[in-house]
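Q: Could you take me through the ligand site in this model, beginning with one residue beside the ligand and then working outwards into the rest of the fold? I would like one connected account rather than a list.

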Amino acid sequence: MPTAPRILAFAGSARKESLNKKLLAVVVEAARAAGAEVTVVDFKELPLPLYDGDLEDASGLPANATKLVELITQHQGLLIASPEYNSQITPLLKNAIDWCTRADENPFIGKVAAVVSASPGAMGGIRSMTLARQLLTHLGCHVVPVQCILPGADKAFDDAGALRDERHRKSAQGIATALVALARKLDA
Ligand SMILES: Cc1cc2nc3c(=O)[nH]c(=O)nc-3n(C[C@H](O)[C@H](O)[C@H](O)COP(=O)(O)O)c2cc1C
């Protein structure tokens, strides 16, 4: 029996009612159904100071950055929900990634990755998703070609957190399956 791929999942929003956290939860369940072991990290519980070279010189990596680096290192894959602020990825996500890249070794190299984005707007955060994919590729991740955006995300979930629309459910399932399949292939 092959071992289950280990996936670390997080969203670039700390907000309790984050639409990206909700979409992440749906994709996480689909990844588990596809056979992955998924660890979800909430950045609300892993606060980090804004990156500052002076702070780094004085005290090195903050403890929570070290924790995040360890988590990334312990997993084969990353599943990231990337909200869109002014057509970019959020400062929260960028800051977390920036801190992690200040570790002795870049923890992103060789990871399998998938990015999803949710927005109340008509474009579903597609620009943020694209930029996050580009950033992860630059850092050495193998990003799955499958893409998943959720436009109109403020109306897309029912009270239990499930996606109302069948097309959206299929899209979430498709990216989860692709991520798990690529993690399995690269582990072979
Ligand atoms: C500063 C700011 C800028 C935003 N810019 C965009 C944008 O460019 N495109 C977009 O689709 N939504 C934009 N939004 C709306 C966010 O998509 C929306 O607030 C979303 O719910 C944030 O993600 P979250 O629910 O996971 O926290 C912006 C929101 C904020 C706070």
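A: Happy to. In this predicted model, a good place to start is Ser13, which sits in the loop between β1 (6-11) and α1. Ser13 has a relative accessible area of 8%, and because that is under the 20% cut-off, Ser13 counts as buried. Its side chain makes a polar contact of 3.5 Å with the side chain of Ser18. Setting aside residues up to four places away in sequence, Ser13 touches Ser18, Lys21, Pro83 and Leu92.

Both partners in that serine contact turn up again at the ligand. There are 13 residues around the ligand, and the ones that come nearest are Ser13, Ser18, Glu84, Asn86 and Ser119. In terms of chemistry, the shell divides into four nonpolar, six polar and three charged residues.

Several short polar distances can be picked out here. On the Glu84 side, an N or O atom of the side chain lies 2.7 Å from a nitrogen atom of the ligand. Asn86 takes part through its backbone instead: one of its polar backbone atoms is 2.7 Å from a ligand nitrogen. At Ser119, an N or O atom of the side chain is 2.6 Å from an oxygen atom of the ligand. Taken alone, the ligand would expose 620 Å², and the protein buries 70% of that. The elements giving two or more residues to the shell are α1 (19-33) and β4 (84-85).

Let us follow α1 away from the ligand. Glu29 is found in this helix, and its side chain is joined to that of Arg32 by a polar contact of 3.0 Å. In general, an α-helix has 3.6 residues a turn, so residues three or four places apart point the same way. With a relative accessible area of 46%, Glu29 is partly exposed, because that value falls between the 20% and 50% cut-offs. For a sense of scale, the C-alpha atoms of Glu29 and Gln134 are 25 Å apart in space, while the two residues are 105 places apart in sequence.

Next, go to the other end of the Ser13 loop, where β1 begins the story of a buried region. Leu8 lies in strand β1 and counts as buried, at 0% relative accessibility. Beyond its neighbours up to four places away, Leu8 touches Thr39, Val41, Leu68, Leu71, Ile72, His75, Gly77, Leu78 and Leu79.

His75 deserves a stop of its own. This residue is found in the loop between α3 and β3, and it is buried, with a relative accessible area of 7%. A polar atom of the His75 side chain lies 2.6 Å from the backbone oxygen of Leu71. Leaving aside neighbours within four places in sequence, His75 is in contact with Arg6, Ile7, Leu8, Thr39 and Lys111. Leu71 and Thr39 thus appear again, since both are also among the residues touched by Leu8.

β1 also leads us to α4, whose buried residues are Leu93, Asn95, Ala96, Ile97, Trp99 and Cys100. These pack against β1, α2, α3 (63-74), β3 (77-81), β5 (88-89) and α5 (126-138).

One of the α4 residues has an aromatic partner. A search of the whole structure finds two aromatic pairs. Tyr51 and Trp99 form one of them, with 4.8 Å centre to centre and 65° between the planes; because that angle is over 60 degrees, the pair counts as edge-to-face. This pair links distant parts of the chain, 48 residues apart: Tyr51 is in the loop between β2 (37-41) and α2 (53-59), while Trp99 is in helix α4 (residues 91-100). The two rings belong to residues with contrasting surroundings: Trp99 is buried, at 0% relative accessibility, whereas Tyr51 is partly exposed, at 29%.

Finally, Leu163 lets us close the tour back at α1. Leu163 is found in the loop between β8 (148-150) and α6 (166-187) and is buried, at 3% relative accessibility. Not counting neighbours within four places, its contacts are Leu23, Val26, Leu150, Ala156, Phe157, His168, Arg169 and Ala172. Leu163 and Met123 are 40 residues apart in sequence, and their C-alpha atoms are 17 Å apart in space.

How values were computed. Residues are numbered from 1 along each chain as its sequence is written. This is a predicted model: local features need pLDDT of at least 70, side-chain atom pairs count only at pLDDT 80 or more; totals for chains, interfaces and linings use all residues. Side-chain values use heavy atoms; hydrogens and water are left out. Rings of Phe, Tyr and Trp (its six-membered ring) pair if their centres lie within 6.5 Å; planes under 30 degrees apart count as stacked, over 60 as edge-to-face and the rest as tilted. Helices (H or I, at least four residues) and strands (E, at least two) are DSSP runs, numbered from the N terminus. Buried means under 20% relative accessible area, exposed over 50%, partly exposed in between (1.4 Å probe, protein chains only). A residue is near a molecule or strand if one of its heavy atoms lies within 4 Å of it. A polar contact is a pair of N or O atoms within 3.5 Å; within protein, one must be able to donate a hydrogen and the other to accept it, and residues adjacent in sequence count only if both atoms are side-chain atoms. Accessible areas come from the Shrake-Rupley method with a 1.4 Å probe; for residues, only the protein chains shown count as cover. Ala, Val, Leu, Ile, Met, Phe, Trp, Tyr, Cys and Pro count as nonpolar, Asp, Glu, Lys and Arg as charged, and the others, Gly among them, as polar. Contact means heavy atoms within 4.5 Å.
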